[in-house]
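Visitor: Mind if I quiz you on the labels people attach to a model like this one?
Guide: Go ahead, let's bring it up.

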Amino acid sequence: MPTKSFLRTLGLLVVIVSLLPVTSLSAQDRGGSGGGTWMHDSHDDLYRTPLGAIPVQSTVLLRFRATTGTLNAATVRVWNERAQEQTLLPMQVVGATPEGYEFWEATLDVGKDPTIYWYRFILEISDGEVLYYEDDFRPAEVEGAYYPGEEGGVGMSYEASPDLSWQITVYDPDFYTPEWMRNAVIYQIFPDRFRNGDPSNDPADDSLTFYDGQRSIFHEIWNEPPVDPTKPGEYQNRWGVDFFGGDLAGITEKLDYLQDLGVTAIYLNPIFEARSNHRYDTADFKQIDPTLGTLEDFQALVAEANQRGIVLILDGVFNHMSSDSPAFDRYGRYDEQGACESLDSPHRLWFFFVPPQGQQPSVCVENPQGATYYTSW
């Protein structure tokens, strides 16, 4: 049943929409702009109530506006990140305006567990064709220009789904924030670029191998710019392979400086053994990256930080890892059979495999469904 606030809003629309032209189902709309024919805005409580993050055991009203007569049916496709489950919610027409728009509505019950929901719309238009209305995507056409995409707000229609869903965060209102985190002053450190405290663990230039045979780059001069992999030349497409020598010992050396700043917590970008300078592509979660130091170096950092009342926060990216790792072993570097090499690998079920599309390579052993390409997240 439509809410009172929604009905009041529809009353206002009679006045407001009269100032706007009624848009027909143009070729542009069908091709992906959305125009005035269809509308959902995740930042407007006319289309989503309530806005923002919501507590468990709540419901969310999702609304979609369409030019009257352009839709045979509308469905909300919802993905529960925690449960890894899809739900399809049929929508119903709940109101219309004299200017030729109708509103479709569905209710999402978010359940009892904190999670993230992703939602988008599947539209069956009047001639039986299926289109998808999702968050907008605007690729940058000019170098340096910024175009918003996947940031919520108004969406657009697509002939094929790019899976650009809107997000709903569901939280536990009884979650307790630790005392040390309340009013904490947090200093984030990208370890390779903070301070070189132990030159003995610096990776020599051209000493490390990455993915498809790329070699590491080491900067002897601390303040020189990193390489730009987007520009033609020697370093084009060499992503995440240049190092400056920052390490755990360097962070330990500067703890007094950080304490003087009033820092009470240090957030470290990943420090586990990896195949890049940013280390979000972890190869071994049980090892400190040797270019950052040793387990003993880490233990010393923890002890010295504790003496100063500083808490360390580790960025543990446990939902994905490097394709160049023992568990996956895309390049056959390890003795153990990785998920990419064998259907019998004990790690095969750790990863999602799909049939390759377009120019995607068939890099892994094929399963009965023909899935040889892996998804990276």
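Visitor: Why is Asp242 called buried or exposed, whichever applies?
Guide: Asp242 has a relative accessible area of 5%. Buried means under 20% relative accessible area, exposed over 50%, and partly exposed in between, with a 1.4 Å probe and protein chains only. So Asp242 is buried.

Visitor: And before we go on, what am I looking at?
Guide: This is a predicted model, where local features need pLDDT of at least 70 and side-chain atom pairs count only at pLDDT 80 or more, while totals for chains, interfaces and linings use all residues. Residues are numbered from 1 along each chain as its sequence is written, and side-chain values use heavy atoms, with hydrogens and water left out.

Visitor: What makes Arg193 and Asp242 a salt bridge?
Guide: The term asks for a side-chain nitrogen of Lys or Arg within 4 Å of a carboxyl oxygen of Asp or Glu. Here the N to O distance is 3.8 Å, so the pair makes the cut. Arg193 sits in the loop between strand 13 (186-189) and strand 14 (209-210), and Asp242 in strand 17 (residues 242-243), so the bridge ties together parts that are 49 residues apart in sequence. Strands here are DSSP runs of E, at least two residues long, and helices are runs of H or I with at least four, both numbered from the N terminus.

Visitor: How do you know whether Arg193 is buried, partly exposed or exposed?
Guide: Its relative accessible area is 30%, so Arg193 counts as partly exposed.

Visitor: Which residues make up the network of salt bridges that share partners?
Guide: Arg120, Glu134 and Asp163 are joined into one. Arg120 and Glu134 have their closest N and O atoms 3.5 Å apart. That pair links strand 9 (residues 115-125) with strand 10 (residues 130-135), 14 residues apart. For Asp163 and Arg120 the closest N and O atoms are 3.2 Å apart. Asp163 lies in the loop between strand 11 (155-158) and strand 12 (166-171), so this bridge spans parts that are 43 residues apart in sequence.

Visitor: Why do Arg120, Glu134 and Asp163 get the burial labels they do?
Guide: Arg120 comes out at 9%, so that one is buried. Glu134 is at 0% and therefore counts as buried. Asp163, at 44%, falls in the in-between range, so the label is partly exposed.

Visitor: How many salt bridges, helices and strands are there?
Guide: The structure holds 14 salt bridges, and the chain has five helices and 23 strands. Of its 377 residues, 40% count as buried.
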